[in-house]
Amino acid sequence: MKKFCILFIISLYLLNSASGQRRLTEKLLSSQGDSTKKGSFMVLPAVGYAQETGWQFGLASLSSFYTNTKDTLTRSSNISAVAAFTTKKQSNFSIKPDVWSAGNRYHYSGELRYKNFPFNFYGVGDKTREADKEIITQKLFRFSAEVEKLLKRGIYLGATASYEDYKYTDKEPGGIYETGRFIRDKDGGRAAFIGLTQIIDSRNTNTYTTRGTYIRFNYSFAPDIFGGENFTGSLFKLDFRTFNSLNSKTVLGVQLNYQSLQGSNAPFYLLPQLGNDQVMRGYYTGRYRDRNLLATQAELRYRLIPRFGIAGFAGLGSVYENGLFSLNNLKPSYGAGLRYFVAPIRGLSVRLDYAFGEKRSNEKRQQGFYLSLSEAF
């Protein structure tokens, strides 16, 4: 359904006394707070309206800190959280820690999420149509945890584990959700993954990178734990990023992202999805989904002054069934945005992007506005 209005309000505050709020703002808005490695806390409130949800109210927060304030090499750790409610009794909660231990010897990350929220479903494949869109209600519980240990400089090896539980309700029977291709487990299901991950990381910082390369491999396997028609198989992910400073104010970043889901009884909700606020901006998340995803993007970032920057980006990507990849099916993504650095030395930013996607026959060009914390990659 069409959204009638969206209002975003950006503010920085501490959930404490008024004097505490002033101290936090001073801490965030001074370079001294960065140089002494003091922690920071940032919140973005959001209000919006859509027919399928009614009024929406939410908060997104980012807490940043160092596990060792004396070691200049220890990377910044972050905990991001989202809480959203609607007047139709829908909700969305998530918390994502990303923690680097002293000396970067260990890296911990994960996610805890509960979601009871409608979403637009278009079918499976890279040629889904806007006319087939259905509103599906999803109830999701997800827990994931990941830990990597430093083997030698810039090289980490670790393990991952996750559990996901999905439930779906189709409010308008008879559409693409019931009749579409490869739509398995329409009522939902469960999956548990265990896997290995390796990281090769030479970035100078993990917040606003200006030089270096980051490569992450992850292979996860879902064993036959739950029986029945629940998914059994594997998920492979590759995330490659490299950055180069063209001058003191300009950085060029390039990213390649690949995902592949293989195995029996692959449900639609586990298939890689094209489009979000990080990769292939301009596309509704899940507008295209299939067993494989390949996407690449480049972003040129220019720091106007320590507090403000601008960026332009462009990319190509697609989803596809096994053995059916074609360069002719690659879809475009391009746009530009503004950056406001709440902690200039540390590189913590609020990101505002507007992006465009493909223009399909008899449809409007796909596009989207994004208000997010931190860089896209």
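**Exercise 1. Pairing of β3 and β4**

Work out how strand β3 and strand β4 run relative to each other, parallel or antiparallel, and how many bridges join them.

*Solution.* Keep in mind that this is a predicted model. Start by finding β3 at residues 54–65 and β4 at residues 77–86. Next, follow the two strands: they run antiparallel, joined by 10 bridges. To see one pair for yourself, take Gln56, whose bridge partner in β4 is Thr86.

**Exercise 2. From β4 on to β5**

Now find how β4 and β5 pair, and what lies between them.

*Solution.* Strand β5 covers residues 91–100 and pairs with β4 in the antiparallel sense, over 8 bridges. One place to look is Ala83, which stands opposite Phe93 in β5. Then turn to the link: β4 and β5 form a hairpin with 4 residues between them. In that turn, Lys89 has a positive phi of about 65°.

**Exercise 3. The setting of Ser61**

Decide whether Ser61 is buried or exposed, and list its contacts beyond four places in sequence.

*Solution.* First, place Ser61 in strand β3. Its relative accessible area is 14%, and buried means under 20%, so Ser61 is buried. Finally, look around Ser61: leaving aside neighbours within four places in sequence, the contacts are Phe41, Met42, Val43, Ile79, Ser80, Ala81 and Leu373.

**Exercise 4. A pocket and its lining**

Describe the second largest pocket by its volume and its lining residues.

*Solution.* Begin with the volume, about 810 Å³. The lining has 32 residues, and Leu73, Arg75, Asn104, Arg203 and Asn204 lie nearest the centre. Sorting the lining by type gives 7 nonpolar, 15 polar and 10 charged residues.

How values were computed
Residues are numbered from 1 along each chain as its sequence is written. This is a predicted model: local features need pLDDT of at least 70, side-chain atom pairs count only at pLDDT 80 or more; totals for chains, interfaces and linings use all residues. Side-chain values use heavy atoms; hydrogens and water are left out. Buried means under 20% relative accessible area, exposed over 50%, partly exposed in between (1.4 Å probe, protein chains only). Contact means heavy atoms within 4.5 Å. Two strands pair if DSSP finds at least two bridges between them. On a 1 Å grid over the protein atoms alone, a cavity is a set of points where a 1.4 Å probe fits but cannot get out, and a pocket is an open set with protein on both sides within 12 Å along at least five of seven lines; lining residues have an atom within 4 Å of a point. Grid points are joined across faces, edges and corners, and a volume is the space filled by probe spheres set on the points. Ala, Val, Leu, Ile, Met, Phe, Trp, Tyr, Cys and Pro count as nonpolar, Asp, Glu, Lys and Arg as charged, and the others, Gly among them, as polar.
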